[in-house]
Protein chains: 2
Amino acid sequence: MSLVRAHNISISLDGYATGEGQSLETPFGHAGMRLMEWAFPTATFQALGVHRERVEVDPASAPDDVFAARSWEGIGVEIMGANKFGPPGWQDDADWTGWWGEEPPFRTPTFVLTHQPRESIEKKGGTVFHFRDAPIQDVLVEVKEAAAGQDVRLGGGPSSIRDFLAAGLVDHLHVAVVPIILGRGVRLWKGLEALEDGYDVESTTTPSGVTHVTFDRKA
Amino acid sequence: MSLVRAHNISISLDGYATGEGQSLETPFGHAGMRLMEWAFPTATFQALGVHRERVEVDPASAPDDVFAARSWEGIGVEIMGANKFGPPGWQDDADWTGWWGEEPPFRTPTFVLTHQPRESIEKKGGTVFHFRDAPIQDVLVEVKEAAAGQDVRLGGGPSSIRDFLAAGLVDHLHVAVVPIILGRGVRLWKGLEALEDGYDVESTTTPSGVTHVTFDRKA
């Protein structure tokens, strides 16, 4: 059975998964790239080659890479919220095809949740974007079929992760807690009181200072 | 010079340092004792003997005890907010003398911030409660003098910790992040955007699943 998994969801100590003021130039708003800095020097993120800050792979990032790499193991399809596909208003730009250039890292069917769906977009390397405007439970039926026996990656952003968690649709969640106080933005945990009751929870701090918290749905 | 230190401030993953509905029976509101469960089995908390849930000292709690114990090292005085002295409305009860029985664990002068000060209360074991209604900066002058060269423990609750942090008065902060989602209550980090800029921050996860995050003011 396909599991629904979310990985590398980075949040601040005060629970914000992205800052305020998301735009084309600032995909994470006033947070800048601070929530993802732990991930950039990992072998996994360097191999993806999609982020804007190229750095050398740091051998000290190996413990972080254990978590970063899992996001790409056994995944047959990605499903993402509208805010992960583009800045606010991308739906009005017929030429917008996502943040990731000609060869996105997904390399699978990738379903984008939006109230203004458009024609599917095929990219190099196997990524095909599909656009759906339907309840997440319904989209998930189609998405799991597209996963062809592998798992579904729930890609974000935080609002869509929250919707899936609230609906009880998530089997595995990996959150990276970055020890900064963002103060404003989009809260990951809003409306999810006692989420831990349904999950086995584990925490691991790495030398980068990030704490990786994993939620695995109880059997 | 006396440092101002706050220790063992436990928060949920969503940043709440206490739950909603604080009362005499529920000092942490709907959070119950969940935020402090990591601390109960430590040698330090068992030696204090003040909490309601007596348990055996768990040898596996030794890494947590490293943090728990620091709260009691080199402290000459405690300062606490009104909510740490009693449930809402304690000021109207002339017989209320705090949550901690006849021999409180503080064993030093202990200053309570309240808009309704009363006569000082002397308890067994060296704890003397003083009540002050003045700006925290002013109270801190008197408190540091009372510390007689030792450090000041900022005891909580979260609202008073937040006030001291916002005023730049805290030298050391130890927070224990408990991997639960409380959903509502008092937020520790509210109004403290970019607090980390003034501090060196370190994180450590222990076998209990708690992540200890320390903030040390930059030199």
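Here are some questions and answers about this predicted model of two chains, A and B.

Me: How many helices and strands are there in chain A?
Reply: Let's begin with the fold. Chain A has both kinds of element: its helices number five. Its strands number 11.

Me: Why can chain A be called as compact as a globular protein of its length?
Reply: Chain A has 219 residues, and for that length the globule rule gives 17 Å. The radius of gyration of chain A is close to that value, so chain A is as compact as a globular protein of that length. The radius in question is 16 Å.

Me: What share of the residues of chain A count as buried?
Reply: To count as buried, a residue needs 20 or more other C-beta atoms within 10 Å of its own. Among the 219 residues of chain A, the share that passes is 44%.

Me: Which residues of helix 5 of chain B are buried?
Reply: Helix 5 of chain B covers residues 158-166. An α-helix has 3.6 residues a turn, so residues three or four places apart point the same way. The buried residues here are Pro158(B), Ser160(B), Ile161(B), Arg162(B), Phe164(B) and Leu165(B).

Me: Which residue with a positive phi follows helix 5 of chain B?
Reply: Look just past the helix for a phi near 70°. The residue there is Gly168(B).

Me: Which strand gives the most to the side of chain B that touches chain A?
Reply: The contact takes 23 residues from chain B and 23 residues from chain A. On the chain B side, the elements that give two or more residues are strand 10 (199-205) and strand 11 (211-217). The one that gives the most, with five residues, is strand 10 of chain B.

Me: How many residues on the side of chain B that touches chain A are nonpolar?
Reply: This side of chain B is a mixture, with seven polar and five charged residues. The nonpolar residues there number 11.

Me: What kind of axis relates the two copies?
Reply: A turn of 180° and a shift of 0.0 Å along the axis lay chain B on chain A with an RMSD of 0.0 Å. The two copies are therefore related as by a two-fold rotation axis.

Me: Which residue of chain B has the C-alpha nearest the axis?
Reply: The C-alpha in question lies 2.7 Å from the axis. It belongs to Thr205(B).

Me: What is the mean pLDDT of chain A?
Reply: In chain A, 98% of the residues reach 70 or more. For the complex, the predictor gives an ipTM of 0.92 and a pTM of 0.94. The mean pLDDT of chain A is 94.

Terms used
Residues are numbered from 1 along each chain as its sequence is written. Chains are lettered from A and ligands numbered from 1 in the order in which they are written. This is a predicted model: local features need pLDDT of at least 70, side-chain atom pairs count only at pLDDT 80 or more; totals for chains, interfaces and linings use all residues. Two residues are in contact if their C-beta atoms, placed from the backbone, lie within 7 Å. Helices (H or I, at least four residues) and strands (E, at least two) are DSSP runs, numbered from the N terminus. Ala, Val, Leu, Ile, Met, Phe, Trp, Tyr, Cys and Pro count as nonpolar, Asp, Glu, Lys and Arg as charged, and the others, Gly among them, as polar. Copies are superposed by least squares on the C-alpha atoms of residues with pLDDT of at least 70 in both. The radius of gyration is taken over C-alpha atoms; the globule rule is 2.2 Å times the number of residues to the power 0.38. A residue is buried if 20 or more other C-beta atoms lie within 10 Å of its own, exposed if 12 or fewer, and partly exposed in between; C-beta atoms are placed from the backbone. pLDDT is the predictor's confidence in each residue, from 0 to 100.
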